Amino acid sequence: MPSPFPKSSRSKATQLWSKWQPGTPSAEGDNQDSPRGKRKGGVSLKDFDAGAKPYSLGDKAQDKAAVEALATELDTLQDVFYADKRYKLLVVLQGTDTSGKDGTLRGVFGRMSALGVHAVGWKAPSEAERARDYLWRIHQQVPQAGDITVFNRSHYEDVLVPVVNGWITPEQHRQRLAHINDFERMLSETGTVVLKFMLHISVEEQRQRLQERLDDPAKHWKFSLGDIEVRKQWDDYQRAYEALLGATHTPWAPWTIVPADSKTHRNLMIATVLREVLQNLGLRYPPGDPALAGLKVK
């Protein structure tokens with residue numbers, strides 16, 4: 001299938017996109033102990049400004065209008081994608097609490113037909129899910145031909161929460177990163193486009209958003225005391241994210257780090273990248289049935 005991910009650095013859009021990726025991905029790991037697909041060098045989230053607006057058109061009003069226009073354009077592309085049925089698309093939205101996963105679903109995917117777009121929100125695994133391998137439940141929810149599936153959190157929780165809390169060993173951590181690369185490679189080689197977004201917010205922005213949930217009675221349902229406990233582990237989670245970004249940014253399933261302190265810009269950037277990926281697929285409606293030529297409905 002055509003590559004959904006641009007390889008040329010001459011395109012302005014490609015150059016801008018590449019600046020918000022963890023680095024140039026390699027096809028294989030450096031040695032047997034490193035996850036397959038691991039790039040050379042490390043990733044530091046401090047190198048990516050969560051408050052930046054690289055895709056902004058100038059002001060918030062313009063950016064909001066652009067998001068609306070993109071949402072309409074994406075709806076058209078999704079219609080062709082659904083009819084084409086040569087591909088499947090898995091979009092991963094991963095980020096800390098309050099990073100904007102729900103808002104992205106509404107702002108970027110809200111115009112698309114519910115017949116061909118499915119959102120899956122991942123919580124802690126059930127007892128039945130824990131009795132199986134950690135990717136078992138994930139595999140059941142990947143998209144079928146013509147569908148777009150959006151993961152709100154994802155299999156990457158299994159290399160975040162257990163790592164930060166010390167529930168798995170460093171060796172098990174390395175194994176899981178390698179498993180994920182192989183899983184995503186299998187999806188890619190069988191027609192699934194895997195597009196991953198890490199919604200990157202600052203610690204201060206998270207504080208403000210959590211406080212808003214406390215101050216607004218209509219948002220109390222979003223707040224959990226557990227959010228405060230997890231916030232205390234901010235630095236540990238940042239390091240866990242840096243590890244997974246460096247290890248699982250691959251040619252077949254690249255990461256995009258989205259500066260997400262601005263909700264409007266977050267949606268603008270994700271919608272722009274998504275449009276580019278869909279356009280790169282050369283989508284087309286299936287050919288008409290010759291037997292229908294000249295047929296008149298009476």
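The following exercises, with worked solutions, concern charged side chains in a predicted model.

**Exercise 1.** Determine which parts of the chain are linked by the salt bridge between Arg111 and Glu68, and state whether each partner is buried or exposed.

*Solution.*
Step 1. The contact is established from the side chains: Arg111 and Glu68 form a salt bridge with an N to O distance of 2.3 Å.
Step 2. Arg111 is placed in the loop between helix H3 (101-109) and strand S2 (117-121), while Glu68 belongs to helix H2; the two are 43 residues apart, and the pair links distant parts of the chain.
Step 3. Partly exposed residues fall between 20% and 50% relative accessible area. Arg111 has 41% and is therefore partly exposed. Glu68, at 43%, is also partly exposed.

**Exercise 2.** Locate Glu184 and Lys196 in the secondary structure and classify the burial of each.

*Solution.*
Step 1. A salt bridge joins the side chains of Glu184 and Lys196, at 2.9 Å from N to O.
Step 2. Glu184 is part of helix H7 (residues 170-189) and Lys196 is part of strand S4 (residues 192-200), so the bridge ties together parts 12 residues apart in sequence.
Step 3. The cut-off for a buried residue is under 20% relative accessible area. Glu184 is buried because its relative accessibility is 1%. Lys196 is buried as well, with a value of 0%.

**Exercise 3.** Identify the helix that holds both Asp236 and Arg239, and describe their spacing.

*Solution.*
Step 1. Asp236 and Arg239 form a salt bridge in which the closest N and O atoms are 2.4 Å apart.
Step 2. Both residues lie in helix H10 (residues 234-248), with a spacing of three residues, or about one turn of the helix.
Step 3. Asp236 has a relative accessibility of 33% and so counts as partly exposed.
Step 4. Elsewhere, Asp97, Arg153 and Glu157 are joined into one network by salt bridges that share partners. The structure holds 12 salt bridges.

**Exercise 4.** Explain why Asp158 is assigned no salt bridge, and find its contacts.

*Solution.*
Step 1. Asp158 occupies the loop between strand S3 (148-152) and helix H6 (161-164).
Step 2. The nearest side chain of opposite charge is Arg176, at 4.1 Å. A salt bridge requires the nitrogen to be within 4 Å of the carboxyl oxygen, and so buried Asp158 has none.
Step 3. Contacts of Asp158, neighbours within four places in sequence being left aside, are Tyr134, Ile168 and Arg176.

**Exercise 5.** Apply the reasoning of the preceding exercise to Asp63, and describe its surroundings.

*Solution.*
Step 1. Asp63 is located in helix H2.
Step 2. Asp63 is buried without a salt bridge, and Lys53, the nearest side chain of opposite charge, is 6.0 Å away.
Step 3. Residues up to four places away in sequence being excluded, Asp63 touches Ser56, Leu57, Gly58, Thr264 and Leu268.
Step 4. Lys53 itself belongs to a surface patch of positive charge, together with Lys60, Lys64, Arg106 and Lys263. Of these, Lys64 lies in helix H2 (residues 60-84) and is partly exposed, at 46% relative accessible area.

**Exercise 6.** Characterise the position, accessibility and contacts of Asp75.

*Solution.*
Step 1. Asp75 is in helix H2.
Step 2. With a relative accessible area of 28%, Asp75 is partly exposed.
Step 3. Asp75 touches Arg111, Met112 and Ser113, residues up to four places away in sequence not being counted.
Step 4. The C-alpha atoms of Asp75 and Leu245 are separated by 30 Å, the two residues being 170 residues apart along the chain.

Technical notes. Residues numbered from 1 in each chain as written. Predicted model: local features only at pLDDT ≥ 70, side-chain atom pairs only at ≥ 80, totals over all residues. Heavy atoms only, no water. Patch = residues over 30% accessible without salt bridge, like charges linked within 9 Å, V, L, I, M, F, W, Y side chains within 5 Å. Areas by Shrake-Rupley, 256 points an atom, 1.4 Å probe, with all protein chains shown as cover. Lys, Arg positive; Asp, Glu negative; His and termini not counted. Charge placed at Lys NZ, Arg CZ, Asp CG, Glu CD. Helix = DSSP H or I, 4+ residues; strand = E, 2+ residues; numbered from the N terminus. Buried < 20%, exposed > 50% of the residue type's maximum accessible area, 1.4 Å probe, protein only. Contact = heavy atoms within 4.5 Å.
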